[in-house]
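Please open the structure in the viewer and keep the selection tool at hand. The tour proceeds from one selection to the next.

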Amino acid sequence: MPKEQLEKDVKQFEYVEKKEKRIGLPELENPENVVLRFAPNPSGPLHLGHARAAILNDEYAKKYKGKLILRIEDTDPSRVDPEAYKMIEEDLEWLGVVSHEIIIQSERLEIYYEHAEKLIELGYAYVCTCESGAFYKLRIDKEACPCRRNDIPKNLEKYKKMFSDYKEGEAVVRLKTDLEINDPSMRDFPLMRISEHPHPRAAGKRVYPLMNFSVTIDDHFNGLTHVLRGKDHIPNIRKQRFIYDYFGWTPPEYIHYGRLKVEELALSTSATKEGIETGEYTGWDDARLGTLRAIAKRGIQPKAIRRAMMDVGTKRSDINLSWKNLYAYNRELIERDANRYFFVDGPKEISVTGAPGMEFHALLHPDFKDKGNRSLGKIKEKETVKFYLSSSDFENIKKGEFLRLMEAFNVEIVDKKETCAEAKFISRELEEARAKKARLVHWTLGDNNVKIKVVSPEGIINGYGEPDLKNIKVDEIIQFERFGFVRLDEITDDELVFYFSHK
RNA sequence: GCUCCGGUAGUGUAGACCGGCCAAUCAUGUGGGACUCUCACUCCCACGACUCGGGUUCGAAUCCCGACCGGAGCACCA
């Protein structure tokens, strides 16, 4: 026996073996020719909750060199937002999720029709024209409705009429399950229904499959090997199982993850939509929302989200995702690329006398000198110079205080009023400020600055920024020193509009 | 109410299947300190958890039972 093999065998019996640390996602059960799917319903753009399903599916597809199908589940015409199809694809692209195939259920209605008919022909399904309340009552008592007793030709005839005669709510196709099942919703659950609501992509159609039916048909015909979805779908395994069995198909492996809540955030698409309509939110990308487009606008990197979702994994228990963790991952990604600038929030004037003429410079990034300098402006000798301080710094200063204007000089506060203060020049040396443990504050010049607006989830912050801010480009992420990271979203005629990322 | 599922530090996570190496991992956070012309970065130190009660066992975070807490489902939505 070769030495290598021997070592391997010995290792198997060592208890140390099982303590090897798992990295990344848990292994899949039967990972051969893996086919997965991400199946959102197109009622709006994707949010953080969707990101979990999308990313985890993507990671598994990559891990096993499998295939990921994007399946758009648009079989409830009343909940379809025509814009959503495009938005979902954009959001996935931003996330870096690669789908190898796109399936839109409203384009596959004929397949569902055909299979519903097949189930009727086989005697496994029937068309039920009972009033829904009446059926509900019978079902509670585990009793069959009159339609269940109809023969196959009769059912086929009624099925045809669903496409022409019956109105919405008048007929459904039901699967014959078992009236004795303890969960009433399992008993002869519906497969197809009529909706007269116009479908933006399936004009003229009025018969639609219900979720459990279309999902089963598609999972089967698309060769799904593994299904990763929220635990709210657990009961559906049982329902779908009936369909698999009637057709003689084998169901895929299922993995169900728990509910994901995000601190102080409502992820619900329908509630968001309502908020947009009433004007409470500015749009799908409102900074307060958990949509991916809102998060992107705030300069959060897709990789930060991916890492957070990998962290979270596929556990069954519910979790509460913390923004702090997400921000920490994001900071790690953007820190070294984010150049530094001064921005004063809620500017308050401070006039300084006796300063020498000088030019102010600072590094674009304190850890990378080769990135070069930025110019903070210049002043002339003996001029009374006006500076702005942020309102929080202004509030803290006291008369007689020794203060360091960062990258400039040291001053002493001579007088302080409600909205402005006067100071006199003392010295230029930073060391002196350090020795006196003086406060170091950032500033902008009174006459050479850029108007700035920062949009944050908490509201809008106005102020002034240093002149070199004119050089940055839309989409660039920078750090306003002692304020936080921001992303430039828009340059308007008179101001720069930033979105706040995090501290 | 009925039927399922879950509970490890503030948050997320590893360990659980196969009990001992776990006075419990890693990340984030928080507190303190060093560095720094930022409240960012970096470095150091500290803090902080097996929901509870029984049982099995020489030994339980891990197995069993119960309680409590949390969640999901109980649609002609997905």
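The model is predicted. Begin with helices H4 and H6, which are roughly antiparallel to each other because their axes cross at roughly 160 degrees and angles over 145 count as such.

**First stop: H4 and H6**

Select residues 109-121, which form helix H4, and residues 152-162, which form helix H6. The two axes come within 9 Å of each other, and the crossing is right-handed. To see the contact itself, display the side chains of Tyr112, Tyr113, Ala116, Glu117, Ile120 and Glu121 in H4. Their partners in H6 are Ile152, Asn155, Leu156 and Tyr159. Classed by residue type, this contact of H4 with H6 holds seven nonpolar, one polar and two charged residues.

**Second stop: H4 and H7**

Keep H4 selected and add helix H7, residues 211-221. How far apart are the axes of H4 and H7? They lie 10 Å apart, and the helices pack at an angle of about 105 degrees. H4 and H7 are therefore roughly perpendicular to each other. On the H4 side, display Ile111, Tyr112, His115, Ala116 and Leu119; on the H7 side, display Phe213, Ser214, Ile217, Asp218 and Phe221. The contact of H4 with H7 divides into seven nonpolar, two polar and one charged residue. Tyr112 and Ala116 of H4 deserve a second look, as they meet residues of H6 and also residues of H7.

**Third stop: RNA strand B**

Now select RNA strand B together with the 59 residues around it. Which of these residues come nearest? They are Glu73, Arg193, Leu210, Arg259 and Arg434. The surface near the strand comprises 19 nonpolar, twelve polar and 28 charged residues. On the RNA side, 71% of the strand's atoms within 4 Å of the protein belong to sugar or phosphate, and the rest belong to bases.

Three individual contacts may then be examined in turn:

- Gly169: a polar backbone atom is 2.8 Å from a base nitrogen of RNA strand B.
- Gln479: a polar side-chain atom lies 2.9 Å from a base nitrogen of the strand.
- Arg331: a polar side-chain atom lies 3.5 Å from a phosphate oxygen of the strand.

Finally, colour the elements that give two or more residues to this surface, among them helix H5 (132-140), strand S6 (190-194), helix H8 (234-247) and helix H12 (323-334). H12 provides the largest share, five residues.

Note on methods
Residues are numbered from 1 along each chain as its sequence is written. Chains are lettered from A and ligands numbered from 1 in the order in which they are written. This is a predicted model: local features need pLDDT of at least 70, side-chain atom pairs count only at pLDDT 80 or more; totals for chains, interfaces and linings use all residues. Side-chain values use heavy atoms; hydrogens and water are left out. Axes are lines fitted to C-alpha atoms, for helices over the stretch in contact, and angles run from 0 to 180 degrees between N-to-C directions. Helices (H or I, at least four residues) and strands (E, at least two) are DSSP runs, numbered from the N terminus. Angles under 35 degrees count as roughly parallel, over 145 as roughly antiparallel, 65 to 115 as roughly perpendicular and the rest as oblique. A crossing is left-handed if the near helix is turned anticlockwise from the far one by less than a right angle, and right-handed if clockwise. Contact means heavy atoms within 4.5 Å. Ala, Val, Leu, Ile, Met, Phe, Trp, Tyr, Cys and Pro count as nonpolar, Asp, Glu, Lys and Arg as charged, and the others, Gly among them, as polar. A residue is near a molecule or strand if one of its heavy atoms lies within 4 Å of it. A polar contact is a pair of N or O atoms within 3.5 Å; within protein, one must be able to donate a hydrogen and the other to accept it, and residues adjacent in sequence count only if both atoms are side-chain atoms.
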